Amino acid sequence: MCLFLIGFKKRVFSIMQVLSSEFLISNTDVAKCPNNFLPDYAFIGRSNVGKSSLINALCNKKSLAKTSSRPGKTQLINHFLINKSWHLVDLPGYGYTRTSKTKKKVFQKFIISYFKKRNQLVSAFVLIDIRHKPQLIDLDFMYWLAEKKIPFSIIFTKSDKLKPVNVKTHIENYFKTMSDQWSLLPNHFVTSTLKKNGLEEVLDYIGNLNITLK
Ligand code: GDP
């Protein structure tokens with residue numbers, strides 16, 4: 001009986017519902033980010049990982065992230081105000097620049113500066129396409145976050161592209177690789193914007209963190 005009630009409660013009441021979401025500002029200067037005390041939750045990952053789709057799905061809007069990512073705006077720090085109480089921050093995708101001879105990592109300086117200086121950043125979400133094997137650039141980035149003591153979770157995206165049994169294996173393999181270097185593994189979520197899976201979990205996680213800040 002007791003177990004039933006706990007399960008019932010969990011499904012009916014979610015901690016966080018996005019009731020309002022609006023674009024605030026885009027820039028490359030952390031000093032020009034919204035000057036208030038609201039908490040930031042930053043979303044970052046390699047391009048094409050599904051970041052815009054996830055942001056739109058979390059906010060239940062078709063083109064919130066796209067609105068701010070008109071050509072030229074993709075390389076900016078984009079702040080959205082959610083429920084008038086926290087910021088969803090859409091950061092530019094990182095990746096490599098390729099020439100015929102070199103493959104160079106690209107982490108823009110202003111991103112580094114954002115993570116180092118934005119005191120109200122509560123947590124980052126590093127997006128990883130669940131189908132891909134661990135990539136050095138993601139692992140390096142997460143290592144850097146940990147070194148700087150910046151809390152983060154992994155969001156494995158596009159889970160609908162794999163069979164459920166393979167989702168589990170891919171995550172296990174990912175963490176197996178990580179555990180070579182990490183003694184404590186990060187918190188993680190599994191999402192599909194196509195099937196709307198995992199969205200509530202991400203929002204509830206943010207909602208819970210917001211409660212602890214009060
Ligand atoms: P971004 O570059 O990281 O912002 O990635 P987008 O959100 O633009 O997504 C890149 C591509 O992946 C698009 O073709 C999306 O439709 C697709 N995509 C994103 N999320 C999902 C998902 O959960 N499932 C599937 N099947 N495709 C997705």
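Me: Before we look around, what makes two rings count as an aromatic pair?
Reply: Take the rings of Phe, Tyr and Trp, using the six-membered ring for Trp. Two of them pair if their centres lie within 6.5 Å.

Me: How many aromatic pairs turn up in the whole structure?
Reply: Keep in mind that this is a predicted model. Searching the whole structure for such pairs gives a total of 16.

Me: Okay, which kind of pair do Phe-125 and Tyr-205 form?
Reply: Their centres are 6.0 Å apart, and the angle between the planes is 75 degrees. Planes over 60 degrees apart get their own label. So Phe-125 and Tyr-205 are edge-to-face.

Me: How many residues apart in sequence are the parts tied together by Phe-125 and Tyr-205?
Reply: Phe-125 sits in strand E7 (residues 121–129), while Tyr-205 belongs to helix H7 (residues 199–213). The pair therefore ties together parts of the chain whose separation in sequence is 80 residues.

Me: Is Tyr-205 buried, partly exposed or exposed?
Reply: Its partner Phe-125 is buried, at a relative accessible area of 0%. Tyr-205 has a relative accessible area of 24%. Buried means under 20% and exposed means over 50%, so Tyr-205 comes out as partly exposed.

Me: What about Phe-156 and Tyr-174, which kind of pair are they?
Reply: Here the ring centres are 5.4 Å apart. The planes meet at 80 degrees, so this pair is edge-to-face.

Me: Where do Phe-156 and Tyr-174 lie?
Reply: They link distant parts of the chain, 18 residues apart. Phe-156 is buried at 1% relative accessibility, and Tyr-174 is buried with a relative accessible area of 1%. Phe-156 lies in strand E8 (residues 152–157) and Tyr-174 in helix H6 (residues 164–178).

Me: Which helix gives the most residues to the shell around the ligand?
Reply: The ligand is surrounded by 14 residues, and the closest include Lys-51, Ser-52 and Ser-53. The top contributor to this shell supplies 3 residues, and that is helix H2 (residues 51–59).

Me: How many residues of the shell around the ligand are charged?
Reply: The shell splits into three groups. There are 2 nonpolar residues and 7 polar ones, and the charged ones number 5.

Me: How much of the ligand's area does the protein bury?
Reply: Backbone atoms come close to ligand oxygen atoms: 2.8 Å for Asn-48 and 3.0 Å for Gly-50. Taken alone, the ligand exposes 580 Å², and the share buried by the protein is 71%.

Me: Which element gives the largest share of the largest nonpolar core?
Reply: In soluble globular proteins, nonpolar side chains tend to be buried together. The largest core here has 34 residues, and Leu-91, Tyr-114 and Phe-115 are among those with the most contacts inside it. Strand E2 (40–45) and helix H4 (109–117) are among the elements that each supply at least two residues. The largest share is 6 residues, and it comes from H5.

Me: Last one: is Lys-149 buried or exposed?
Reply: Lys-149 is found in the loop between H5 and E8. Its phi is positive, about 60 degrees, although it is not a glycine. Its relative accessibility is 72%, and the cut-off is over 50%, so Lys-149 counts as exposed.

Definitions and conventions:
Residues are numbered from 1 along each chain as its sequence is written. This is a predicted model: local features need pLDDT of at least 70, side-chain atom pairs count only at pLDDT 80 or more; totals for chains, interfaces and linings use all residues. Side-chain values use heavy atoms; hydrogens and water are left out. Rings of Phe, Tyr and Trp (its six-membered ring) pair if their centres lie within 6.5 Å; planes under 30 degrees apart count as stacked, over 60 as edge-to-face and the rest as tilted. Helices (H or I, at least four residues) and strands (E, at least two) are DSSP runs, numbered from the N terminus. Buried means under 20% relative accessible area, exposed over 50%, partly exposed in between (1.4 Å probe, protein chains only). A residue is near a molecule or strand if one of its heavy atoms lies within 4 Å of it. A polar contact is a pair of N or O atoms within 3.5 Å; within protein, one must be able to donate a hydrogen and the other to accept it, and residues adjacent in sequence count only if both atoms are side-chain atoms. Accessible areas come from the Shrake-Rupley method with a 1.4 Å probe; for residues, only the protein chains shown count as cover. Ala, Val, Leu, Ile, Met, Phe, Trp, Tyr, Cys and Pro count as nonpolar, Asp, Glu, Lys and Arg as charged, and the others, Gly among them, as polar. A nonpolar core is a set of buried Ala, Val, Leu, Ile, Met, Phe, Trp, Tyr and Cys residues joined through side-chain atoms within 4.5 Å.
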